[in-house]
Amino acid sequence: ARHDDPDDEDDLDLHDEDDDDYHAGAHQHGSRDEDHPKDSPPPASEIYHPPDDEAERYHQCLAYHKALLYSYRRRWDWANKESRIPTVSWPTNVPSDEEIGPMASDLPYCGRSPNYRSDELYCNRLRFRVGSYLLMQSHDPEAQKRGLKIVRDLAERGHPDGMCSYATCLNEGRAGLDPNPDQAAVWWRLAADMHHHPQSMYELGVALYTGEGVAEDEARA
């Protein structure tokens, strides 16, 4: 049996006078329901207002991606090529552990061929790949120094990939080097000016944007 109570009638009255005002305004100014269908969220610009401060925007973005870290790790299972998130990492031709043995064995004989002059491009590419492996894949400090010597020699001979790699070593202080962003920017600029080297142009643009190693210049970046 239903218990009739005047007070309950008030509690059950879900009619809101504000709704009448809203719908009246909607008819006068155009239906807001048409602008935002019930099944669609409102535009992001109406629910999110990014902070004006750049540092605050950075920390807000960082917190967002930290919250998704588990998802990123789960989706980017490097051992499973099918699950890799598309990405660009430079250099892209670093040898695998299976490839490096034959390549390192071939390297000492590369310059001894009577046809070395015609094989110079191949030899320099081989040197760069071996040097990159020693720098990036080896955990042995002495091996990393050997890799550094290879890419530095290539850089001094004007090899574009070698110039970019040596600049990165200088910038990050790899293989026992002291970090030197100023010299890194010099080498990136040389590779960009001499060879229009894409990765060097990118790294130089980042340096110009951040002001690391060069005067900050967002327009040139």
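In this predicted model, helix α9 is followed by G158, a residue whose phi is positive, near 85 degrees. Helix α9 itself comprises the 16 residues 141–156. At 1.5 Å a residue, a helix of 16 residues should span 22 Å, and the end C-alpha atoms of α9 are indeed 22 Å apart, so the expected and computed values agree. The N-terminal end of α9 is capped by D140, a side-chain oxygen of which lies 3.2 Å from the backbone nitrogen of E142.

The burial of residues along α9 was examined next. A143, Q144, G147, L148, I150, V151, L154 and A155 are buried in this helix. These residues cover an arc of only 160 degrees around the axis, and therefore they lie on the same side of α9.

A comparable description applies to helix α5, which is formed by the 14 residues 54–67. Its expected span, at 1.5 Å a residue, is 20 Å; because the end C-alpha atoms of α5 are 20 Å apart, the two values agree. At the start of α5, a side-chain oxygen of D53 comes to within 3.3 Å of the backbone nitrogen of A55.

Aromatic side chains were considered in turn. The structure contains 2 aromatic pairs. In one of them, the ring centres of W90 and F128 are 5.9 Å apart and the ring planes stand at 45 degrees, so the pair is classed as tilted. W90 is located in the loop between α6 (69–75) and α7 (97–106), whereas F128 belongs to helix α8 (residues 116–136); the pair therefore ties together parts that are 38 residues apart in sequence. With regard to solvent accessibility, W90 is partly exposed, because its relative accessible area is 24%. F128 has a relative accessible area of 1% and is therefore buried.

The rings of Y166 and W187 also form a pair, with their centres 5.5 Å apart. Their planes meet at 75 degrees, so this pair is edge-to-face. Distant parts of the chain are linked by this contact: Y166 is found in helix α10 (residues 160–172) and W187 in helix α11 (residues 181–195), with these positions 21 residues apart in the numbering. Burial is assigned to residues under 20% relative accessible area. Y166, at 11% relative accessibility, therefore counts as buried. W187, at 15% relative accessibility, likewise counts as buried.

Technical notes: Residues are numbered from 1 along each chain as its sequence is written. This is a predicted model: local features need pLDDT of at least 70, side-chain atom pairs count only at pLDDT 80 or more; totals for chains, interfaces and linings use all residues. Side-chain values use heavy atoms; hydrogens and water are left out. Helices (H or I, at least four residues) and strands (E, at least two) are DSSP runs, numbered from the N terminus. The expected span of a helix is 1.5 Å times one less than its number of residues. Buried means under 20% relative accessible area, exposed over 50%, partly exposed in between (1.4 Å probe, protein chains only). The arc is that of the directions from the helix axis to the C-beta atoms. A polar contact is a pair of N or O atoms within 3.5 Å; within protein, one must be able to donate a hydrogen and the other to accept it, and residues adjacent in sequence count only if both atoms are side-chain atoms. Rings of Phe, Tyr and Trp (its six-membered ring) pair if their centres lie within 6.5 Å; planes under 30 degrees apart count as stacked, over 60 as edge-to-face and the rest as tilted.
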